[in-house]
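User: Could you take me through the side-chain pairings in this one, starting with the charge-over-ring contacts? I'd like to know what sits around each partner as well.

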Amino acid sequence: MSNEDITLTAGDAEVTVRPGNGGRVAGVRVGGTELLRQGERFGCFPMAPWCGRLRDGRFRDGATVRQMPLNSPPHAIHGTARDGAWSVVRADGGEAVISRELVEPWPWPALVTQQFALTPESLTLTMSVETHRSSFPAQVGWHPWFNRTLVRGDGAAGEDVRLDFSPAWQEERGADHLPTGNRVEPKPGPWDDCFGTPGGVDVTLTWPGQLELKVTSREEWVVVYDEQREAVCVEPQTGPPDGLNTLPRQVTLLEPLEATMTWAWRQL
């Protein structure tokens, strides 16, 4: 394992990957402007082997009920892959690969791998979960914290970011912040909500007069969280919150679980 940061560069884009802090992207700078909220728990972290809240920290494995630690009582949240250091497989120029073994409290041995590919106009992240033994249910996704405002060249903050997306539906959210199972018409924000995007995730963030960034993924689910003053989150993932109970994806010897997300930007 390595606690040293990895710096990827391409054109005027620079990305910092921090294997020692949960395998997260710690920073994305375009033309010297930082896009991600800074801090040990921010940046963009991987969510695996589940995404968002897991109801009461429990899910069913056949006849067995599995219990995960309640790190966001009364629920478990965002998986375990972000909880420790990752190993660097390779890093060169604009590309890097890191990996982490899933260990207890997750009941099955598995390997999570993240790949980062940077160009002058985009960053693509790919994550996979694979097993060499037992099959199991899982989810993967990413949780980026984009700065609500970007610092301009004169040191002042620009206008608030604008979000533009057209989901097919919104998952109705219960008082416990988990989907009720009902699909409703998308409602105006602020949001801490999951949306269905059958054609793939396609969300545009625009910082007026500064930068446009498109978040795309072939996955059909995205959580948008913009209730915090400092940042907004756009989180592509392979299923909704509590998905280990409601819409699990199976990892098998022959079929790993894989997802890809791309951020593509242009200066305005």
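Analyst:
**Rings, charges and what surrounds them**

Let's start with Arg183, which lies over the face of Trp169 at 3.7 Å from the ring centre. (A charge sits over a ring if Lys NZ or Arg CZ is within 6 Å of the ring centre and within 35 degrees of the ring normal.) Keep in mind that this is a predicted model, where local features need pLDDT of at least 70, side-chain atom pairs count only at pLDDT 80 or more, and totals for chains, interfaces and linings use all residues. Numbering runs from 1 along each chain as its sequence is written, and side-chain values use heavy atoms, with hydrogens and water left out.

A second charge-over-ring contact has the charged end of Arg82 over the ring of Phe45, 4.9 Å from its centre.

Now the ring pairs. There are 13 aromatic pairs in the structure, counting Phe, Tyr and Trp (six-membered ring) centres within 6.5 Å, with planes under 30 degrees apart called stacked, over 60 edge-to-face and the rest tilted. One of them is Phe59 with Trp108, a tilted pair at 6.2 Å centre to centre and 45 degrees between the planes. That pair brings together distant parts of the chain, 49 residues apart: Phe59 sits in strand β7 (residues 58–61), Trp108 in the loop between β11 (95–102) and β12 (110–119). Strands here are DSSP E runs of at least two residues, numbered from the N terminus. Phe59 and Trp108 are both buried, meaning under 20% relative accessible area, with exposed over 50% and partly exposed in between (1.4 Å probe, protein chains only).

Trp169 comes back here, pairing edge-to-face with Trp221 at 5.8 Å centre to centre and 80 degrees between the planes. This pair also links distant parts of the chain, with Trp169 in strand β18 (residues 169–173) and Trp221 in strand β23 (residues 221–225), 52 residues apart. Trp169 is buried at 13% relative accessible area, and Trp221 is buried too, at 8%. As for Phe59 and Trp108, they belong to one aromatic cluster together with Trp50, Trp106 and Phe136.

On to the charge pairs. The whole structure has 15 salt bridges, each a Lys or Arg side-chain nitrogen within 4 Å of an Asp or Glu carboxyl oxygen. In one of them, Glu14 pairs with Arg29, and the closest N and O atoms are 2.9 Å apart. Glu14 is in strand β2 (residues 13–18) and Arg29 in strand β3 (residues 24–30), so this bridge ties together parts 15 residues apart in sequence. Glu14 itself is partly exposed, at 31% relative accessible area. Arg29 has another partner, Glu34, at 3.0 Å N to O, and Glu34 counts as buried at 18% relative accessibility.

A longer-range example is Asp176 with Arg55, a salt bridge at 2.5 Å, N to O. The two are 121 residues apart: Asp176 is in the loop between β18 and β19 (179–184), Arg55 in the loop between β6 (53–54) and β7. Asp176 is partly exposed at 29% relative accessible area, and Arg55 is partly exposed at 30%. Back at the first set, shared partners join Glu14, Arg29 and Glu34 into one salt-bridge network.

What about the packing? The largest nonpolar core has 61 residues, and those with the most contacts inside it are Val28, Phe146, Leu205, Trp263 and Trp265. (A core is a set of buried Ala, Val, Leu, Ile, Met, Phe, Trp, Tyr and Cys joined through side-chain atoms within 4.5 Å.) Strand β26 (residues 257–267) gives the largest share of this core, five residues. Beyond four places in sequence, Leu205 contacts residues including Phe146, Val161, Leu163, Leu211, Val232 and Val234, where contact means heavy atoms within 4.5 Å. A second, separate core of eight residues includes Phe45, the ring under Arg82, along with Met47, Cys51 and Ala231.

Cys51 leads to the last point: there are zero disulfides, taken as cysteine sulfur pairs within 2.5 Å. The sulfur of Cys51 is 9.6 Å from its closest cysteine sulfur, in Cys194, too far for a bond, and Cys51 is buried at 0% relative accessible area. Cys44 is also buried, at 1%, and its sulfur is 9.3 Å from the closest one, in Cys233, again too far for a bond.

Methods:
Helix = DSSP H or I, 4+ residues; strand = E, 2+ residues; numbered from the N terminus.
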